[in-house]
Amino acid sequence: MDLVAQGIWKALHLLVTLDREVIGITLLTFEVSASATAISLLLGIGIGVAIALNSFTGKRFVVSLVNTGMGLPPVVVGLFVSILLWRSGPLGSLGLLYTPTAIVIAQSIIATPIIMGITIGAIQSLAPALRLQILALGATRRQLVWILVREARLPLMAAVMAGFGGVVSEVGASIMVGGNIKGYTRVLTTATVMETGRGEFDVAIALSVILLLASLGANYVLTVIQQHERPR
Amino acid sequence: MNDAAPTLLELRDLEVRRGGVEVLDVPSLHLRDRELVALIGPNGSGKSTLLLSMMGLLERTAGEILYRGSAVPPGRALIEYRRKLALVLQEPCLFDLTVHENVASALRMRGIGHAEVRRRVGAYLERFRLGSMAERSARKLSGGEARRVNLARALVTEPEVLLLDEPFTSLDPPTRQSIVDDLERTIRDTGTAAIIVTHDQEEALRLSDRIVVMDGGRIAQSDAPSVVLNDPQNAFVASWVGMETILDGVICRSAGGELVVAVSGKEIGAVGDGSPGDRVYCCIRPESVVLDIANPSSRTSARNVFAARITSTTSAGAYLKLRLDCGFPLVAHVTRDSFAILELARREHLFASFKATAVHVIRKGDGAAARAAPC
């Protein structure tokens with residue numbers, strides 16, 4: 001218990017004293033995860049709505065693929081992104097491996113199916129007559145999609161939370177494609193793993209507490225928005 | 001309704017199939033300017049499918065829709081076509097927005113300016129008595145209020161054609177009546193042509209210039225309300241407009257417009273056209289049947305008097321519905337007072353009478369199957 005208390009105390013100390021390294025790691029963590037979530041939102045909602053609204057051969061298979069992707073192991077994503085970005089890999093010439101961009105790419109791949117899956121479910125759970133009613137009001141295709149997304153905004157907010165939660169907490173992909181380079185690609189999860197490996201439990205606990213607090217803060221903001229919107 | 005009014009909407013050889021099964025087959029249907037048409041028929045008869053097809057929301061297997069004489073093409077023109085119409089579905093399907101924003105939604109889709117949107121929405125909120133709840137969330141509305149918002153949202157675009165798919169179901173009678181009043185006033189004021197799907201015969205008679213009866217995806221009859229009501233063209237329409245007794249018979253004798261029809265070994269006097277040997281349906285409204293304890297033959301002008309036995313009694317709102325066995329089945333309505341006065345609860349045998357003019361005769365067709373050996 002002393003170790004935990006010591007870790008929490010250390011976390012508070014690091015935060016209160018605005019430790020430059022910890023603040024840098026925290027900011028990078030959010031910058032990377034927020035970017036990945038934003039990219040995943042664009043891709044996940046766009047493709048998810050298209051899948052939900054269109055009938056095509058193999059739709060069930062595609063949806064089951066997306067659902068499988070919702071549980072994509074980060075280390076598998078890390079492995080394939082590493083191979084892609086490896087110096088001799090297909091995208092090696094871009095020189096992205098061990099950069100924050102590489103982490104954004106990997107995390108986007110992790111979050112996109114999560115957001116896409118929730119989007120498909122959210123759009124399909126809207127009343128079937130709603131789509132007919134919107135078209136009957138004279139909507140164009142673009143207006144139809146916009147209104148459907150607006151009507152499904154509460155579950156889509158949950159998708160944002162799930163996507164962000166999924167990427168901010170993953171470590172496998174970040175460490176594989178980012179390399180945990182101090183001051184460059186080190187994020188809260190990779191730093192925690194490293195400090196644990198070094199036996200620096202108090203620092204590891206401190207970083208975990210910061211990760212938890214930061215994650216709680218972000219989700220609290222999203223939850224407040226969601227609850228404000230919820231029908232009463 | 002002026003028969004010379006120009007045709008707004010016309011369907012030609014419209015056919016819709018789902019999974020290889022024909023769900024709609026309408027060779028011809030038109031809607032004239034300012035005309036109000038009631039579409040009636042049982043569940044699954046294709047009424048909603050017809051409205052969705054008219055709106056261009058269902059893929060049709062064959063046929064075409066003409067608007068003011070021009071075929072409605074697909075693509076962007078279909079959206080422009082839809083914007084001249086409005087469809088009100090059975091469920092309101094309101095957006096998770098305020099009442100004002102719901103009513104404004106279709107106007108915003110059309111890119112109408114802010115000031116005009118406010119003016120029109122304000123006017124239609126007042127018209128449908130929603131002015132005090134403009135800023136209320138649509139999710140907090142009662143069933144009746146939601147229907148009003150739904151109607152206001154459809155009519156605020158000032159459509160040339162309004163399609164209503166059972167817009168008043170599951171509402172209590174006073175609320176329903178009040179909304180029907182507001183709708184009727186608005187439609188008459190604006191001169192909007194409309195097609196309303198309803199199960200309510202009274203509503204159909206009150207609102208419409210013409211009634212279209214549908215059965216199995218086809219139009220069974222399309223006529224003025226009084227014609228549909230008094231001169232149904234087939235047994236299905238007859239039953240739908242309240243002729244609860246429909247009997248198979250063969251014309252025995254025919255003279256001067258008076259017929260004698262053999263039904264299950266009994267003879268029924270009727271008025272109509274036909275020749276001996278014609279197979280016919282004799283259709284009788286339950287309210288045309290008079291019940292007596294004693295034989296009324298000597299004191300009634302009714303041609304048809306039969307000894308009857310009550311086989312069942314069921315409640316039918318203000319009336320009781322009696323199923324009688326007169327050698328053929330006959331349905332009669334009797335008030336609860338008459339039921340008590342005649343002490344029908346403890347009587348099994350009585351007399352049923354009805355006039356020859358109360359029997360609507362429908363010939364079964366022109367082919368050989370429609371003929372039988374004369375009596």
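This short presentation describes chain B first and then a helix pair in chain A.

The model is predicted: local features require pLDDT of at least 70, side-chain atom pairs count only at pLDDT 80 or more, and totals for chains, interfaces and linings use all residues. Residues are numbered from 1 along each chain as its sequence is written, while chains are lettered from A and ligands numbered from 1 in the order in which they are written.

Let me begin with chain B. Its secondary structure comprises 10 helices and 20 strands, taken as DSSP runs numbered from the N terminus (helices H or I, at least four residues; strands E, at least two). The C-alpha trace of chain B spans about 75 × 50 × 40 Å along its principal axes. Of its 375 residues, 39% count as buried, that is, with 20 or more other C-beta atoms, placed from the backbone, within 10 Å of their own.

I turn to the cores. A nonpolar core is a set of buried Ala, Val, Leu, Ile, Met, Phe, Trp, Tyr and Cys residues joined through C-beta atoms within 7 Å. The largest has 110 residues, and B:Cys282 is among the five that touch the most other members. Helix 5 of chain B (residues 143-155) gives the most to this core, with 6 residues. Apart from it lies another core of 52 residues, including A:Ile109 and A:Val167.

Finally, in chain A, the axes of helix 2 (residues 20-53) and helix 5 (residues 100-125) come within 6 Å and cross at roughly 35°; these axes are lines fitted to C-alpha atoms over the stretch in contact, with angles from 0 to 180 degrees between N-to-C directions.

Definitions and conventions. A residue is buried if 20 or more other C-beta atoms lie within 10 Å of its own, exposed if 12 or fewer, and partly exposed in between; C-beta atoms are placed from the backbone.
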